[in-house]
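Trainee: Could we go through this chain together, with the sequence and the model open in front of us?

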Amino acid sequence: MLSRIVAAESASIHRAADHGADWRLAQGEALKLPIGPGPRELKVLEGRVWLTRDGRLNRPALDIWLEAGDSLAVPSGAELVLEAWPQARFQLLVPPLACPAVQRRPVTVDTRSHGLVIA
């Protein structure tokens, strides 16, 4: 099966109407997706994805099949090519550990004003 590869910003890749963070690939579409900075998690929500991760001198290219419910940790700087079989919906998530600058602060509930107070 021949497929066309499109860039991540292409109009042929559609965000799902019900979730702004979802990506959709139709049958025969492939997506070249650079990752970074920081690691990501690719989670397949519907369908099946054939994913190829770029190779390096010390690590060969990797072909993986992911089905609905599967997820894959993707390192910073990787480049992926994804193809839907026959179609797919997925998310590319930033795990909390990828955001070291985020500082957790205690939150208390102010019962008098019915609001949250960030310390």
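Trainee: Which residues does Arg56 touch, not counting residues up to four places away in sequence?

Mentor: Before answering, note that this is a predicted model, where local features need pLDDT of at least 70, side-chain atom pairs count only at pLDDT 80 or more, and totals for chains, interfaces and linings use all residues. Residues are numbered from 1 along each chain as its sequence is written, and side-chain values use heavy atoms, with hydrogens and water left out. Arg56 lies in the loop between β5 and β6, where strands (E, at least two residues) are DSSP runs numbered from the N terminus. With contact meaning heavy atoms within 4.5 Å, the residues that Arg56 touches are Gly77 and Ala78.

Trainee: Is Arg56 buried, partly exposed or exposed?

Mentor: Buried means under 20% relative accessible area, exposed means over 50%, and partly exposed lies in between, using a 1.4 Å probe and protein chains only. Because its relative accessibility is 39%, Arg56 counts as partly exposed.

Trainee: Which residue's side chain makes a polar contact with the side chain of Arg89?

Mentor: Arg89 has its place in strand β8, residues 79-93, and it is buried because its relative accessible area is 9%. A polar contact is a pair of N or O atoms within 3.5 Å; within protein, one must be able to donate a hydrogen and the other to accept it, and residues adjacent in sequence count only if both atoms are side-chain atoms. At 2.3 Å, the side-chain partner of Arg89 is Asp22.

Trainee: How many bridges join β5 to β8?

Mentor: Two strands pair if DSSP finds at least two bridges between them. One bridge links Arg53 with its partner Leu80 in β8. The two strands, β5 and β8, run antiparallel, and the number of bridges joining them is 11.

Trainee: Which strand supplies the largest share of the largest nonpolar core?

Mentor: A nonpolar core is a set of buried Ala, Val, Leu, Ile, Met, Phe, Trp, Tyr and Cys residues joined through side-chain atoms within 4.5 Å. Of the 18 residues in the largest one, Leu42, Leu51, Leu66, Val74, Leu80 and Leu82 touch the most other members. At least two residues of this core come from each of β4 (29-34), β5 (40-53), β6 (62-67), β7 (71-74) and β8. The largest share, five residues, comes from β8.

Notes: Helix = DSSP H or I, 4+ residues; strand = E, 2+ residues; numbered from the N terminus.
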